[in-house]
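Hi everyone, thanks for making time this morning. I'd like to walk you through one structure, so have a look at the screen and stop me whenever you like.

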Amino acid sequence: MAQFEEVSQKSAVHPKPVGLVLQYGTAGFRTNSKQLDHVMFRMGLLATLRSKKTKATIGVMVTASHNPEEDNGVKLVDPMGEMVTPAWEVYATQLANAEQEELLTALKDVIEREAISMAQEASVFVGKDTRPSSDSLSQAVLDGVHALGGHNYGLVTTPQLHYMVCCQNTQGRYGEATVKGYYRKLSQAFIQLTKNVPNRTDDQKALLVDGANGIGALKVCEMETYLKNELQLSLFNDGSSGKLNHLCGADYVKVQQRAPKGVEMTAGERCCSYDGDADRIVYYYSGSAGRFHLLDGDKIATLISTYLKELLTQAGLDLQIAVVQTAYANGSSTQYLEDTMKVIVRCTKTGVKHLHHAAQEFDIGVYFEANGHGTVLFSKAAEEKIQKLAQDSNTNDERRRAALLLQNTVNLINQTVGDAISDMLLIEAVLAIRGMTVQQWDAIYTDLPNRQLKVKVADRRVIDTTDAERRTVSPAGLQEAIDSRVKKYRRARSFVRPSGTEDVVRVYAEADTQVGLRLREFSAARDTQ
Ligand code: 16G
Ligand code: ZN
């Protein structure tokens, strides 16, 4: 078949280094960019097959998110803008690791197992971040997709690509499948939400943004005119000189618990940081004594769920709201959500696909990882109820107002995946509507002191976990050792888990005081963060 001949010829231009083995991990393939050319080509092939199988547009995003500039990665996006289904992750690993002469067999194997009709049309959207290697690597993806209807979006944030895939496959019901369409939808919702807030001062409209020298910086600049001065952004680390994710960005700020390089903040000013592909965000400010205060994904989830719950009460809508977290969620946040807010809290394994999946089980599922990746999902029934009430002219003013706010909130949120720009606009709108300062938001609850370390071990796979990664089942004795340490301190919790993105083991601990953490015990094995 001519198609397969073309695959053979083209794959020779993207040869696989003999013996190289890579795994489709938590967020796709990720490693040094020099090792990825053949993987990109093959993911172009696989995305095309996935498109033929689903008869829908599939996304391919070239990015290594918060990882160093020298790295790169690739992940596939399924028709509704969600992460590719697990069975196809297995195919991705098989295709990536097939030696050159085995590639066609591996490809035909997928076609056969999935009973794919090769005559079916295919459509693939390809996006990339600003890494120097992203140009040639996304070209390799397109080579794989070539002549099968691929569409190259060029530079986009990861969540923009997810969004456009979803728009395309819902015939525009979710919005227009263009970057401009994305800006228009989000900015209109933001303006609608904030327009009736009385006396918003310039201070309240001002926000410092650390773009991590990445794609988010470019895109938020493009968006600014659409916001019509309702938000005044001062952008730092905009990519004009600094290196991607280097001493800046959401991951640096969260792990180091300090301000990024280059951001000049005065006491009390609201600041936020994106990561390298703009699917994560964290907030922070400097306190009066110059102390650094971080508002991470847990604080964001709390702010948003409190706001939504209040609106549901005002609207008189009986919808179940839940917050989905991971083991990294600060114990104080979980306690506040369960005991004070009385919302359902679920804990899942690390990785967006797990949280997303769990959040789909509720009318309204707010999910955030502590690292700042998250969004809110509304069930179809919930959206319909909100819409109906917002349009009901017989209902009283308070209920209608709340329903309209809810409706615009739905429009502001990118439900396909966590989105730094959309989350930022939502947080800014919520703070404005509730008349809250960043300090008041921070004071909703107080974080337990916590630390995260990474430790290099010979083989991290010997560690096996259970209970959403909160306990280990092997090696024998490890959990008992952790338990015996933890029980010496108040409100203490600790866990270890093998990383899904790096060859390290992660160690997390929290307790009621820094002293209680006694992280020196770990420091012998500590790697620099
Ligand atoms: C990836 C995940 C992120 C998770 C992190 C954990 C996505 C889009 N990203 O970056 O959600 O927190 O991996 O990394 O799923 P780790 O397994 O190395 O700790
Ligand atoms: Zn990211």
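Let's begin with ligand 1. Sorted by class, its shell holds two nonpolar, nine polar and three charged residues. Before going further, please keep in mind that this is a predicted model. There are 14 residues around ligand 1, and those that come nearest are A27, V352, S499, G500 and T501.

Now, where does ligand 1 sit with respect to the domains? The domain assignment gives us domain 1, residues 2-155, and domain 2, residues 450-523. Both of these domains give residues to the shell, so ligand 1 lies between them. As for the spacing of the domains themselves, the C-alpha centres of domain 1 and domain 2 are 35 Å apart.

Let me turn to the positions that come from a record. An unreviewed UniProt entry lists S65, D275, D277 and D279 under "binding site". These residues span 215 positions in sequence, yet no two of their C-alpha atoms are more than 8.0 Å apart, so they gather at one spot. Take D277 from that group: you'll find D277 in the loop between β8 (271-274) and β9 (281-286). Is D277 buried or exposed? With 33 other C-beta atoms within 10 Å, D277 counts as buried, because the cut-off for buried is 20 or more.

Next, a sheet. Four strands make up an open sheet, running in the order β12-β11-β13-β14, with mixed pairing. Which strands stand at the edges? They are β12 (344-348) and β14 (374-378); each has a single partner strand, so one side of each is left without a neighbour in the sheet. From one strand to the next, the twist averages 20°. Looking inside the sheet, β11 (residues 321-326) and β13 (residues 364-368) pair in the parallel sense, over four bridges. If you want one pair to click on, try A322, whose bridge partner in β13 is G365.

Another strand I'd like you to find is β19, residues 505-510, which contains A509. A509 is buried, having 25 other C-beta atoms within 10 Å. Its C-alpha atom is 9.8 Å from that of L448, although A509 and L448 are 61 residues apart along the chain.

I've saved some backbone details for the end. As background, most residues other than glycine have a negative phi, and most peptide bonds are trans. Which peptide bond here is cis? The bond from S474 to P475 is, with omega near 0°. P475 belongs to the loop between β17 (471-474) and α18 (478-486).

Then there are two residues to look at for phi. N199 is not a glycine but has a positive phi, near 50°, and its place is in the loop between α7 (179-194) and α8 (202-205). K342, again a residue other than glycine, has a positive phi near 55°. You'll see K342 in the loop between α12 (331-340) and β12, the edge strand we met in the sheet. How many other C-beta atoms lie within 10 Å of N199? There are 6, and N199 is exposed. K342 is exposed too, with 9 other C-beta atoms within 10 Å.

That's my tour, and I'm happy to go back to any part of it with you.

How values were computed: Residues are numbered from 1 along each chain as its sequence is written. Chains are lettered from A and ligands numbered from 1 in the order in which they are written. This is a predicted model: local features need pLDDT of at least 70, side-chain atom pairs count only at pLDDT 80 or more; totals for chains, interfaces and linings use all residues. A residue is near a molecule or strand if its C-beta atom, placed from the backbone, lies within 6 Å of it. Ala, Val, Leu, Ile, Met, Phe, Trp, Tyr, Cys and Pro count as nonpolar, Asp, Glu, Lys and Arg as charged, and the others, Gly among them, as polar. Domain bounds come from an automatic or database domain assignment. A residue is buried if 20 or more other C-beta atoms lie within 10 Å of its own, exposed if 12 or fewer, and partly exposed in between; C-beta atoms are placed from the backbone. Two strands pair if DSSP finds at least two bridges between them. Axes are lines fitted to C-alpha atoms, for helices over the stretch in contact, and angles run from 0 to 180 degrees between N-to-C directions. UniProt positions are given in the numbering used here, feature names are shortened, and annotations may be inferred rather than shown by experiment.
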